[in-house]
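Hi,

Here is the structure I said I would pass on. Have a look at it, and then read my notes underneath.

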Amino acid sequence: MPRALGALLLGCVLAAALLLGWTAVVVLSVEDDLRAARTALDEAAEPGASSEDVRAGLAAAEGRLRTASGRLAGPAPALTARLPLVGRTPEALRRTSEAVLAGVVGGRAVLETALDGRPLVSDGRLDLDRLAEVADRLRGSADLLEGPAARLAGAPSTLVPGEVADGTRSAQERLVGLPADLREAAAAVDALRGLAGADGPRRLLVVLQNNAELRATGGLVSVFAEAELDDGVLRLGGFRDVEEVADLAPQARPVPAPEDYERLFGPLLAATTLWKNTNTDPHVPTSSAVLARVAEATTGTRPDAVLWLDVRAVAAVLDATSPAVLPDGTELTAANAVEVLLSGAYEGVADDLAEQDARRARLRAAADAVVSRLLTGTPDVPRLARSLGDAAAGRHLALWSADPGAQAAWEAAGLAGAAAPAAGHDVATVALHNAGAGDDLGTKLDYYARRAVAVRVRLDDDEAVVEQEVVLRNEAPAEGLSRYVAGGVSPGTLNELAWFAVPAGAQDLALERSGQRLVATALPWHGAALVPDAVSLPAGTSTTWVLRYRVPLEDGRYRLTAVPQPLAVDATLALDVTGPDGADLVDARTGAPWARDPGPVAFDRTVEVDVVLERPGVLERAAQAVRRFWSEPVQLPF
C-alpha cells in the first residue's frame with residue numbers, strides 16, 4: 001500500500017511537471033505570436049500606411065492571434081489556468097488574445113465594408129448605402145467584442161510576468177471601452193447620412209478658420225461656403241470672404257445668444273453680424289449655434305449644420321488625396337499647407353487694400369481646390385479617416401447640427417469640438433483671442449506664438465490641489481514682417497485676451513502672471529467657469545500664467561478633462577497626478593494602477609484622467625510588494 005501510494009504521488013508529480021512544462025512551452029510560443037501580432041497592428045496604424053498596408057497588417061495580426069488563441073485553448077493551458085498563482089499567466093494571455101482577436105476581426109469587417117471596390121464618392125454623390133452598411137458593421141463589431149472586452153476587464157495583471165502584465169494593461173486601456181466607442185461611431189455615421197441628405201435636403205455652412213489670428217475655437221473665420229446636400233449629392237458654392245456679408249462694427253446687428261455667451265463675449269460684439277468674433281466661445285457647439293444665426297441674418301439662409309475647418313484640417317485632407325494646385329501654380333500638400341497658408345501667404349504682400357484682397361482671393365482658391373480634391377479625387381479612405389480623425393481629436397475639424405439627435409452623436413463621437421467639461425470633472429483649457437494691433441486691425445502673429453501647458457495635481461482623501469501653468473512665447477522676428485502681420489502701433493507685439501477654464505466647485509482660486517498676483521474672477525460658463533486676463537508680449541518675450549485652486553473629491557475619485565485650443569503649431573502638455581505617500585492611484589476605467597508619462601507631449605487631442613485614490617492597509621501593501629516582485633524584472637547588481 002505505501003509503495004502504491006508513493007507511485008501514485010510520483011505519478012501526480014510527474015503529471016503536474018508535464019502539465020506545467022507543456023504550459024510553459026505554449027506560453028513562450030504564444031508570447032511570440034502576440035508580439036508579432038502587435039508589430040503587425042502597429043505597422044498598420046502607421047500614419048503613412050496605405051489601404052493595402054492596413055489590410056495586410058490586420059490579416060497578419062489575425063493569423064497570429066488565431067494561432068495564439070488556439071494554443072491557449074489546448075488542454076494543458078486550460079487546466080493550468082484553473083490552478084492558483086501559476087494559472088494567472090495563461091489566463092491573462094488567453095483573455096488578452098481573445099479580446100484583441102475579436103477587435104481585429106471586427107476591424108477587418110468594417111474595413112472590407114468600407115473598401116469593397118466601390119468608390120465612396122462617385123460623380124459627386126456620396127454612397128449613402130455604403131455608409132449604412134458601415135454603421136451596421138460597426139454595431140456588429142461592437143457586439144462581437146462586447147463579451148471578450150468584459151472578460152478582458154477582469155484579466156489578472158498582477159502576480160504575472162512583467163511583459164504579460166504590460167500587454168494585458170495595454171489591451172485593457174484600448175479595448176475595454178471600445179464596444180461603446182464603436183456604437184458611438186455607428187451613431188456618428190448615421191448622423192453623417194442624415195447630414196448628407198438621406199432624409200431630405202440639408203443646408204451646410206463650411207467655415208475656414210485662420211489660426212494665424214486666434215479665436216477661441218481656433219482662428220478668425222476668414223472665408224465660408226454655403227452648400228446643400230440631398231440624397232448624398234453635395235452642391236457647394238464657391239468660398240467667399242466674410243467681408244462680403246459682415247457688417248462693420250458701428251452697423252453690427254445683434255442676434256439671439258445664450259445668456260452666459262452674452263455676458264462673457266458680448267463686449268466683443270460676438271453675437272452680432274460683425275462675424276469676426278462670433279467664435280469667441282471655446283465650446284464649439286455654442287459658437288456654432290450663434291454663427292448659424294449670424295449667417296441667417298447676413299446671407300438670408302440659416303444652416304442646418306456647420307462644418308468647421310482650419311488649415312491643419314486642410315492638411316489632413318491633402319494627406320489622403322493628391323496635392324492641390326493653386327491658381328498661381330503653387331502645389332499645396334499636407335507638408336506645406338500650414339506654412340504656405342499661414343505664413344507664406346503674407347510674404348511680399350503690400351499693406352494696401354488691393355494686395356490684401358488678392359491675398360484673400362488666393363485663400364478662397366486654396367479652399368476651393370482642396371474641397372475639389374476631396375469630392376472629385378480618389379482619396380485613400382483609411383488614410384483619410386485616420387487623418388481627419390486626428391484633426392477632429394485636435395479640434396481642427398468640428399461638426400455642429402441643429403438636429404439634437406445628430407448633435408448628440410457628434411458629441412459622443414468626439415467630432416463636435418466640445419470644450420466644456422462633464423459635471424464633476426476638473427477642466428484644463430486656455431483659449432487665447434487675438435486682440436489686435438492696438439488699432440482697428442488684427443495681427444497674424446499667432447502663427448509665431450508657442451505654448452506650453454503643465455497641469456500638476458496632488459490628491460488627498462477629500463480634495464485635489466491643482467496647479468495649471470501656461471507659458472506663452474512670442475517667437476515673431478524682430479523685423480521683416482508687414483504691417484498687416486505685425487501691426488502698426490507696436491509692430492511684433494502679440495496682444496491676447498485669455499480665458500482659463502476652471503471647474504464650478506474650484507476653491508481658493510488664485511492667478512499669477514509672470515509672478516504677479518492678479519484678481520481671479522470666475523465667470524459662469526457651461527456649468528464650469530472662465531477666468532479672464534489680457535497680455536501684451538513684444539517679439540522675443542514670454543509670460544507665464546499660474547492658476548491654482550482646490551477641488552473637493554467624493555470617495556477619492558478625481559476626473560479631469562484637458563482640452564487643447566487648435567493652433568498652427570501644437571502646444572505641449574505635461575500632466576502629473578500624484579497622491580500622498582502610502583496611497584495608490586488606480587485607473588477608474590480599468591482598475592489597473594494609474595500610469596502615465598508626465599510628458600511633456602504634444603497637446604494635440606483631449607486628454608481624460610479618471611483615477612481613484614486608495615490607501616491599502618499593511619497586509620495589502622505586503623501583497624502588493626509580492627506582486628511587484630513577481631511582475632517586475634529583477635535588477636541584479638552585476
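Below is what turned up, grouped by topic.

Before anything else, please keep in mind that this is a predicted model.

**Charges and salt bridges**

A search over the whole structure turns up 36 salt bridges. I'll walk you through a few of them.

Start in helix 2, which covers residues 51–72. R55 and E52 form a salt bridge there, and their closest N and O atoms are 2.9 Å apart. Both residues belong to helix 2 and sit three residues apart, about one turn of the helix. That spacing has a simple background: an α-helix has 3.6 residues a turn, so residues three or four places apart point the same way. As for cover, R55 is partly exposed because its relative accessibility is 21%, and a residue counts as buried only under 20%.

Helix 4 (residues 88–114) has a pair with the same kind of spacing: E91 and R94 are three residues apart, so about one helical turn separates them. They form a salt bridge, with 2.8 Å between the closest N and O atoms. Are the two partners buried or exposed? E91 is buried, since its relative accessible area is 14%, while R94 is partly exposed at 29%.

Much further along the chain, the side chains of R605 and D604 meet in a salt bridge, at 3.4 Å from N to O. R605 counts as partly exposed, with 34% relative accessibility, and D604 is partly exposed too, with a relative accessible area of 26%. Some salt bridges share partners: in this way R456, E467, E469, E512 and R548 are joined into one network.

Not every charge is paired up like that. D42, E43, E46 and D53 form a negative surface patch. One of these, D53, is in helix 2, so you can find it on the helix that also holds R55 and E52. D53 counts as partly exposed because its relative accessibility is 41%; patch members need over 30% and no salt bridge.

**A helix that is mostly covered**

Have a look at helix 10 next, residues 311–319. How many of its nine residues are buried? Seven of them are, so the helix is largely enclosed by the rest of the structure. The buried ones are V311, A313, V314, A315, A316, V317 and L318. At the N-terminal end, helix 10 is capped by D310, which places a side-chain oxygen 3.1 Å from the backbone nitrogen of R312.

**A buried polar contact**

T543 is part of strand 20, which runs over residues 542–552. It counts as buried, because its relative accessibility is 4%. Which side chain does T543 contact? The partner is S514: the two side chains make a polar contact at 2.7 Å.

**Backbone spots to check**

Most residues other than glycine have a negative phi, and most peptide bonds are trans. Here are some places in the model that go the other way.

- D231 has a positive phi, near 55 degrees, and is not a glycine. You'll find D231 in the loop between strand 4 (220–230) and strand 5 (233–236). D231 is partly exposed, given its 41% relative accessibility.
- W275 also has a positive phi, near 75 degrees, in a residue other than glycine. W275 is in the loop between helix 8 (259–265) and helix 9 (284–299). Although W275 is in a loop, it is buried, with a relative accessible area of 1%.
- The peptide bond from G599 to P600 is cis, and its omega is near 10 degrees. P600 belongs to the loop between strand 23 (584–587) and strand 24 (601–603).

**One last pair**

D181 is in helix 7, residues 178–195. With a relative accessible area of 43%, D181 is partly exposed. How far apart are D181 and A142 in sequence and in space? They are 39 residues apart in sequence, and 8.2 Å apart in space from C-alpha to C-alpha.

That's the tour. Enjoy looking around!

Conventions: Residues are numbered from 1 along each chain as its sequence is written. This is a predicted model: local features need pLDDT of at least 70, side-chain atom pairs count only at pLDDT 80 or more; totals for chains, interfaces and linings use all residues. Side-chain values use heavy atoms; hydrogens and water are left out. Patches are made of residues with over 30% relative accessible area and no salt bridge: like charges are joined within 9 Å, nonpolar side chains (Val, Leu, Ile, Met, Phe, Trp, Tyr) within 5 Å. Accessible areas come from the Shrake-Rupley method with a 1.4 Å probe; for residues, only the protein chains shown count as cover. A salt bridge is a side-chain nitrogen of Lys or Arg within 4 Å of a carboxyl oxygen of Asp or Glu. Lys and Arg count as positive and Asp and Glu as negative; His and the chain ends are not counted. The place of a charge is taken as NZ of Lys, CZ of Arg, CG of Asp or CD of Glu. Helices (H or I, at least four residues) and strands (E, at least two) are DSSP runs, numbered from the N terminus. Buried means under 20% relative accessible area, exposed over 50%, partly exposed in between (1.4 Å probe, protein chains only). A polar contact is a pair of N or O atoms within 3.5 Å; within protein, one must be able to donate a hydrogen and the other to accept it, and residues adjacent in sequence count only if both atoms are side-chain atoms.
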